[in-house]
Amino acid sequence: FVFGKRGTKFKDLHFQNTYIQTNDRQTFDTWVWKQLEVTVTFTNHHTHPIELFWIHDKRAQLKNEIAPNETVSLNTMIS
């Protein structure tokens, strides 16, 4: 498998984390998911606590209660 971000030229694929060369599907899948990982930061600018829900497959899950002026960061995957 060879994977590169849109617009990346093959001669430039040697730069960090934009290149993988493998014949193993599991290695490839793990690498792709790592590329899709992001950190999302939420800040409560209200004077009261708020509840942060994560929605997946039409189901909401309470992830955190954020106090006034508190910031919470969560890791997730872009999909």
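N44 sits in the loop that joins β1 (37-43) to β2. The model is a predicted one, and in it N44 is buried, with a relative accessible area of 0%. That value falls in the buried class because the class takes in everything under 20% relative accessible area. The side chain of N44 reaches the backbone nitrogen of H46 at 2.7 Å. Leaving aside residues up to four places away in sequence, N44 touches P49, I50, I66, A67, P68, N69 and E70.

From the loop, the chain runs on into β2, an element that also takes part in the largest pocket. About 160 Å³ of space lies in this pocket. Its lining is made up of W33, W54, I55, H56, T76, M77 and S79. Two elements give two or more residues to that lining, namely β2 (50-56) and β4 (71-77). Of these, β2 supplies the largest share, three residues. Sorted by class, the lining has four nonpolar and three polar residues, and no charged ones. How such space is found can be put in general terms: a probe the size of a water molecule, rolled over the atoms, shows where empty space is left.

Charged residues come into the picture elsewhere, in the salt bridges. Side chains of opposite charge can pair when their charged atoms come close. The rule applied here asks for a side-chain nitrogen of Lys or Arg within 4 Å of a carboxyl oxygen of Asp or Glu, and by this rule the count comes to two salt bridges.

One of them joins the side chains of D29 and R25, with an N to O distance of 2.9 Å. Both residues belong to helix α1 (residues 25-35), where they are four residues apart, about one turn of the helix. D29 is partly exposed, at a relative accessible area of 26%.

A salt bridge also links the side chains of E37 and K34, at 3.5 Å from N to O. That distance counts because the cut-off is 4 Å. Are the two partners buried or exposed? E37 is partly exposed, with a relative accessible area of 35%, whereas K34 is exposed, with 52%. The two residues fall into separate classes because exposed means over 50% and partly exposed lies between that limit and 20%.

Set side by side, the sites read as follows. N44 is buried in its loop, the lining of the largest pocket has no charged residues, and the salt-bridge residues D29 and E37 are partly exposed.

Conventions
Residues numbered from 1 in each chain as written. Predicted model: local features only at pLDDT ≥ 70, side-chain atom pairs only at ≥ 80, totals over all residues. Heavy atoms only, no water. Buried < 20%, exposed > 50% of the residue type's maximum accessible area, 1.4 Å probe, protein only. 1 Å grid on protein atoms, 1.4 Å probe; cavity = no way out; pocket = protein on both sides within 12 Å on 5 of 7 lines; lining within 4 Å. Points joined across faces, edges and corners; volume = space filled by probe spheres on them. Nonpolar A, V, L, I, M, F, W, Y, C, P; charged D, E, K, R; others polar. Polar contact = N/O pair within 3.5 Å; in protein donor to acceptor, adjacent residues only side chain to side chain. Contact = heavy atoms within 4.5 Å.
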